[in-house]
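User: I am new to this structure and would like a close look at one part of it. Please take the salt bridges as the centre, then move on to the covered elements around the strands.

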Amino acid sequence: MAQMVFVTGGSRSGKSSYAQQLAEKHSGKLLYIAPARVEDDEMANRIAMHQHARGERWELLEEPLWLTERLTSAAAGHGALLLDCVTLWITNLFFHFEEKQGPVLAEVDRFIELAWQLEEPLYLVSNEIGSGIVPENRMVRQFRDLAGTVNQRLAAAADHAWLVVSGLPVKLK
């Protein structure tokens, strides 16, 4: 297995840029894995900004739900893979599975098993959303808890883990 690197941080912390810099140290074509869905102009603008920042070495896999099924064939021939971001992926799964955490966690566990079999280095970007206030909405609290559990599982499985704060990476492991 190639290495798995987990990068987390708050909104606008610089985590995506840092993970991209790490991935770009590898030679050859790179694969950007995007689970985002374009549902409004603001999201379309965010996606366009990210695409512009990546450049020509990057190829794109857009998959909002079933990363495990698509990743092996899409990964072949790439110098590195970057999933940005885990939080969007599990948001899609959370609503697909009608806010049930069990199936989401099962899908994440399947993804981790697959990641260990990849030959390409895999960089995972995820939001750290548990450092803020406790949401008053039950569904948002459940999602926050789910995201924390997913981040713990991915960080534990990863070879390296980073926390990015104000653009500064802090090595966790």
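Analyst: What follows starts with the salt bridges and then turns to a strand, a loop residue and a helix.

This is a predicted model. A search of the whole structure finds 7 salt bridges. Three of them are described here, beginning with the two that involve Arg110.

Take Arg110 and Glu69. They form a salt bridge, and their closest N and O atoms are 2.8 Å apart. This pair links distant parts of the chain. Arg110 sits in helix H5, which covers residues 101-117. Glu69 sits in helix H3, residues 67-75. In sequence the two are 41 residues apart. How open are they? Arg110 has a relative accessibility of 38%, so it counts as partly exposed. Glu69 is partly exposed too, with a relative accessible area of 46%.

Arg110 has another partner, Glu107. Here the closest N and O atoms are 2.7 Å apart. This link stays inside one helix: both residues lie in H5, 3 residues apart, about one turn. A general point about helices helps here. An α-helix has 3.6 residues a turn, so residues three or four places apart point the same way. Glu107 is buried, because its relative accessible area is 5% and the limit for buried is under 20%. Salt bridges that share partners join Glu69, Glu107 and Arg110 into one network. Within that network, Glu107 is buried, while Arg110 and Glu69 are partly exposed.

Next comes the pair Glu98 and Lys100. Their salt bridge has its closest N and O atoms 3.4 Å apart. Glu98 is exposed, with a relative accessible area of 60%. Lys100 is partly exposed, at 44%.

Now the strands. Strand E4 runs over residues 80-84 and is mostly covered, with 5 of its 5 residues buried. Both faces of E4 are covered. On one side are Ala80, Leu82 and Asp84; on the other are Leu81 and Leu83.

Which strands pair with E4? Strand E2, residues 30-34, pairs with E4 in the parallel sense over 4 bridges. In that pairing Tyr32 stands opposite Leu82. Strand E5, residues 122-127, also pairs with E4 in the parallel sense, over 4 bridges. There Leu83 has Leu124 as its bridge partner.

Just ahead of E4 is a loop residue to look at. His78 lies in the loop between H3 and E4. Its relative accessible area is 11%, so His78 is buried. A polar atom of the His78 side chain lies 3.1 Å from the backbone oxygen of Ala74. The backbone oxygen of Ala75 also lies 3.1 Å from a polar atom of that side chain. What else does His78 touch, leaving aside neighbours within four places in sequence? It is in contact with Lys29, Leu30, Leu31, Glu59 and Glu120. Of these, Leu30 and Leu31 fall within the residues of E2.

Last comes helix H1, residues 15-23. Of its 9 residues, 7 are buried, so H1 is largely enclosed by the rest of the structure. The buried ones are Lys15, Ser16, Tyr18, Ala19, Gln20, Leu22 and Ala23.

To draw this together: one network joins Glu69, Glu107 and Arg110, E4 pairs with E2 and with E5, and His78 lies buried in the loop that leads from H3 to E4.

Definitions and conventions: Residues numbered from 1 in each chain as written. Predicted model: local features only at pLDDT ≥ 70, side-chain atom pairs only at ≥ 80, totals over all residues. Heavy atoms only, no water. Salt bridge = Lys/Arg side-chain N within 4 Å of Asp/Glu carboxyl O. Buried < 20%, exposed > 50% of the residue type's maximum accessible area, 1.4 Å probe, protein only. Pairing = 2+ DSSP bridges. Polar contact = N/O pair within 3.5 Å; in protein donor to acceptor, adjacent residues only side chain to side chain. Contact = heavy atoms within 4.5 Å.
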